[in-house]
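Biologist: Could you pull up the model, so that we can go through the ligands together?
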Amino acid sequence: FSSEKYAVKRKNFGILKSADVEYFKSVLSEDRVLTDESDVLPFNIDWIKNCRGQSKIVLKPKTTDEVSQILSYCNKNRLAVCPQGGNTGLVGGSVPVFDEIVINLVHMNKIISLDDISGALVCEAGCILENLDNYVRDHNLIMPLDLGAKGSCHIGGNISTNAGGLRLLRYGNLHGSVLGIEAVKADGTVVDCLRTLKKDNTGYHLKHLFIGSEGTLGVVTKVAIHCPALPKAVSLGFFGVENFENLLKLYKSAKSSLGEILSAFEMADNKSISLTVENCKLSNPIGDYPFYVLIETHGSDETHDSEKLNRFLSQEMESGLILDGTVTSEPAKIKNIWHIRESIAGAGLINGYVFKYDVSLPLRNYYDLVLTLRTRVGDRARVYGYGHVGDGNIHINVSASKYSKELYAILEPFIYEEVAKVGGSISAEHGVGFRKPQFIHYSKDKTALQLMRDLKQSMDPNGILNPYKVLPDVPDIEKD
Ligand code: FAD
Ligand code: S2G
Ligand code: ZN
């Protein structure tokens, strides 16, 4: 269990009683209250199997009112809860640590409205991202975010983790694309900020409190989000690059040569791609190179765009920044190459345990940490790096045959100290969750942490929402 592996003590929350189960069954239909051990197990284990909780019950509400009744009851009875979407989170935030009650939003998956002129989509929090993308595409729109977990992650989870992903370079982050949120506070109060206006400057911008709060300030039940126009022309380039210095030069050149049509600039080192191609039985469309770059363009004119991308390819092969590459506008080929990039996340899990890091760094230092870690880790594990160059966000994975305290001690807090030294962030897009509260001080100063605690205290005074996550316990020295 996580509590043993990460040495955490259970706080004095209530313990689930049969009367509680009866109450939940009176609010939800019988089939939406899971108590059978085998039914509940998968909801206790996170996607990368880093964390395992001991919850005895999973509740699957269908309406905001049911969420409100459940929370008000749990708050009165001091029963801790763990809000859960698609359970694809990577920092242990989506599963209980002890016996917290899991509230899973899977049944809140209705699309409420779509204004295909403004692009404003209103839907329930449990809608799966890929389903939403397919739905809005029929109306010549796309979702403003895309990530490898799109097949399972919920829009409510994306908002709660402020997910970044593969399209952020072009479409910005959720603080920009989310128009409104409905959420339920710990005491059951429904906060209705579900507006679809692009501009509404009336008072505090409360929806932003819930974006990235990882289930600790409220349960997001509905979302209003701005969907950009479906690009008429999509092209993709997959290139081999000699070294990281050239990769950065290529990034600068892509921004100036492709300009407004650039929609993604992703990198992966040789180990990331070779491990993924091998473990996931995929085929690499180009040869074996030290670094790979994936560039996607979203434009409005097929001929213009592919001409531009092909000119970029020949110009940069000429300059030597690109060793080899392929450019395509065929949807199937584009999907295949994206699939390689999106499969890196899970590739290391196939034959071992993966320590995952998701950090923001100044671009000049973007890849240094991979090399530093390789020296430090030696032959104990494989270290590889990939990610969203345009966001300054690299994912460093350390994959070993199995988890070991020795390897954990070599990696943490070392990696976070290194990130802090260059003014980076210990979590670029995955959030803090359960695995990083003790390191949040590397990226948040005391005054900011105190304000976070004040907000948490005012919104969830009994601390029942996703305890043990995001906020570190107040260190004894600071306790007044
Ligand atoms: P969950 O994992 O269920 O929950 C995540 C957090 O949000 C938890 O703290 C949970 O308590 C809280 N939560 C969930 N739903 C609600 C709600 N309705 N109200 C309140 N709190 C809630 N992340 C990125 O940012 N960028 C990527 O590129 C990316 N790629 C990924 C690729 C793969 C293959 C995988 C497995 C994961 C990837 N992730 C990525 C991480 C993960 O997919 C995101 O964090 C995603 O937003 C989580 O959504 P979810 O619905 O699975 O949430
Ligand atoms: C990505 C996925 C999770 C990881 O692929 O962009 O966010 O760190 C990551 O492997
Ligand atoms: Zn990512």
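The chat below goes through the ligand sites and then two backbone details.

Modeller: Before we start, this is a predicted model, in which local features need pLDDT of at least 70 and side-chain atom pairs count only at pLDDT 80 or more, while totals for chains, interfaces and linings use all residues. Residues are numbered from 1 along each chain as its sequence is written, chains are lettered from A and ligands numbered from 1 in the order in which they are written, and side-chain values use heavy atoms, with hydrogens and water left out.

Biologist: Fine. What coordinates the zinc ion (ligand 3)?

Modeller: The zinc ion (ligand 3) is coordinated by NE2 of His388, NE2 of His395 and OE of Glu429, at 2.0 to 2.2 Å. Donors here are N, O and S atoms within 2.8 Å of the metal (3.2 Å for Na, K and Ca), and water is not among the atoms, so sites may look incomplete.

Biologist: And what spacing do those donors follow along the chain?

Modeller: The donors of the zinc ion follow H-x6-H-x33-E. Histidine 388 is in strand 15, whereas glutamate 429 is in the loop between helix 16 (414-421) and helix 17 (446-459), so the pair ties together parts that are 41 residues apart in sequence. Helices (H or I, at least four residues) and strands (E, at least two) are DSSP runs, numbered from the N terminus.

Biologist: Which residues are around ligand 2?

Modeller: Around ligand 2 are Leu90, Arg341, Ala345, Lys356, Tyr386, His388, His395, Glu429 and His430, where being near means that a heavy atom of the residue lies within 4 Å. By class, that shell divides into 3 nonpolar, 3 polar and 3 charged residues; Ala, Val, Leu, Ile, Met, Phe, Trp, Tyr, Cys and Pro count as nonpolar, Asp, Glu, Lys and Arg as charged, and the others, Gly among them, as polar.

Biologist: Which side chains have a polar atom by an oxygen of ligand 2?

Modeller: A polar contact is a pair of N or O atoms within 3.5 Å. Polar side-chain atoms of tyrosine 386 and glutamate 429 lie 2.3 Å and 3.0 Å, respectively, from an oxygen atom of ligand 2, and for histidine 430 a side-chain N or O atom is 2.7 Å from an oxygen atom of the ligand. Taken alone, ligand 2 exposes 290 Å², of which the protein buries 88%, with accessible areas coming from the Shrake-Rupley method with a 1.4 Å probe.

Biologist: Switching to ligand 1, which residues come nearest?

Modeller: Of the 36 residues around ligand 1, Pro83, Gly85, Thr88, Gly89 and His154 come nearest. Oxygen atoms of ligand 1 also pair with polar backbone atoms, at 2.8 Å for histidine 154, 3.5 Å for glycine 157 and 2.9 Å for glycine 164. Taken alone, ligand 1 exposes 970 Å², and the protein buries 96% of that.

Biologist: Which element gives the largest share of that shell?

Modeller: Helix 6 does, with 4 residues. The shell of ligand 1 has 12 nonpolar, 22 polar and 2 charged residues.

Biologist: Now the backbone: where is there a cis peptide bond?

Modeller: A cis peptide bond joins glutamate 412 and proline 413, with omega at about 10 degrees, and proline 413 lies in the loop between helix 15 (405-411) and helix 16.

Biologist: And what is phi of lysine 49?

Modeller: Phi of lysine 49 is near 55 degrees, a positive value in a residue other than glycine, and lysine 49 is in the loop between helix 3 (37-40) and strand 2 (58-59). Most residues other than glycine have a negative phi, and most peptide bonds are trans.

Notes: Polar contact = N/O pair within 3.5 Å; in protein donor to acceptor, adjacent residues only side chain to side chain.
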